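Dear colleague,

I am passing on the structure we discussed, with the sequence alongside, and below it you will find notes on what turned up when I went through it. Please read them with the model open.

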Amino acid sequence: MVRSRSIPPASTIDRDWPHQIALPDDLCVAHNLTLIHEFCVERGYDFWIRHVQAIWPKGKYEDWRLHCFRDPAAAEAFQAHFGGIVFVPDRDRENGRARGVWRRQDEYKRILDQGPLSVPEILRS
């Protein structure tokens with residue numbers, strides 16, 4: 001497999017952009033993704049977006065997006081505006097692997113609205 005030279009490897013993102021906020025993937029599409037991108041660009045944040053699969057104890061799973069920042073203040077401002085869960089790669093990824101799943105210990109609850117973000121109607125099933 002050939003790696004893109006413009007996208008850093010997952011381990012590099014976890015090392016250099018360690019301040020990560022997780023949002024459900026369904027909240028990060030369409031107009032919501034534009035809102036997120038504009039929020040970060042307008043403030044000059046250095047960020048990347050990654051994916052992680054969250055798995056709950058009863059077998060439910062869901063894709064989440066990790067909004068990764070170099071600066072902890074940027075991650076805090078992002079979380080204050082959009083909500084989300086602080087994700088610590090070494091702690092939250094299975095066995096600390098760069099591409100490991102996120103084993104959640106809480107009870108699954110689908111998030112349809114959070115801060116200014118709302119899951120589009122077509123994805124609400």
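Phe82 touches Leu23, Leu35, Ile36, Phe39, Gln114, Gly115, Pro116 and Leu117, leaving aside residues up to four places away in sequence. Please keep in mind throughout that this is a predicted model. Phe82 also belongs to the largest nonpolar core, which has 15 residues, and it is listed there among those with the most contacts inside the core, together with Leu23, Ile36, Cys40, Phe69, Phe78 and Leu117. At least two residues of this core come from each of β1, α2 and α3, and α3 gives the most, with four residues. A second core, separate from this one, is made up of eleven residues and includes Ile13, Trp17, Cys68 and Trp102.

The two helices named above also pack against each other. The axes of α2 and α3 (residues 72–82) lie 11 Å apart and form an angle of about 145°, and the crossing of α2 past α3 is right-handed. On the α2 side the contact is made by Leu35, Ile36, Phe39 and Cys40, which meet Ala77, Phe78, His81 and Phe82 in α3. Sorted by class, this contact has seven nonpolar residues and one polar residue, with no charged ones.

Turning to charged side chains, the structure holds 13 salt bridges. In one of them the side chains of Asp25 and Arg65 meet, at 2.4 Å from N to O. This pair links distant parts of the chain, as Asp25 sits in the loop between β1 (19–24) and α2 (30–42), while Arg65 is in strand β3 (residues 61–69), 40 residues apart. Are the two partners buried or exposed? Asp25 has a relative accessible area of 17% and therefore counts as buried, and Arg65, with 13%, is likewise buried, because buried means under 20% relative accessible area.

The neighbouring topic is the salt bridge in which the side chains of Arg110 and Asp26 meet, at 2.8 Å from N to O. Here too the pair links distant parts of the chain, with Arg110 in the loop between β5 (102–103) and β6 (113–114) and Asp26 in the loop between β1 and α2, 84 residues apart. Arg110 is partly exposed, with a relative accessible area of 26%, and Asp26 counts as partly exposed at 25% relative accessibility.

A further salt bridge is formed by Asp106 with Arg104, where the closest N and O atoms are 2.6 Å apart. Asp106 counts as partly exposed, at 36% relative accessibility, whereas Arg104 counts as buried, at 9%. Elsewhere, Asp14, Arg50 and Arg93 are joined into one network by salt bridges that share partners.

One last residue you may wish to find in the viewer is Ile7, which lies in the segment before α1 (10–16). Ile7 is partly exposed, with a relative accessible area of 43%, and its C-alpha atom is separated by 9.1 Å from that of Trp48, although the two residues are 41 residues apart along the chain.

With best regards

Conventions:
Residues are numbered from 1 along each chain as its sequence is written. This is a predicted model: local features need pLDDT of at least 70, side-chain atom pairs count only at pLDDT 80 or more; totals for chains, interfaces and linings use all residues. Side-chain values use heavy atoms; hydrogens and water are left out. A salt bridge is a side-chain nitrogen of Lys or Arg within 4 Å of a carboxyl oxygen of Asp or Glu. Buried means under 20% relative accessible area, exposed over 50%, partly exposed in between (1.4 Å probe, protein chains only). Axes are lines fitted to C-alpha atoms, for helices over the stretch in contact, and angles run from 0 to 180 degrees between N-to-C directions. A crossing is left-handed if the near helix is turned anticlockwise from the far one by less than a right angle, and right-handed if clockwise. Contact means heavy atoms within 4.5 Å. Ala, Val, Leu, Ile, Met, Phe, Trp, Tyr, Cys and Pro count as nonpolar, Asp, Glu, Lys and Arg as charged, and the others, Gly among them, as polar. A nonpolar core is a set of buried Ala, Val, Leu, Ile, Met, Phe, Trp, Tyr and Cys residues joined through side-chain atoms within 4.5 Å.
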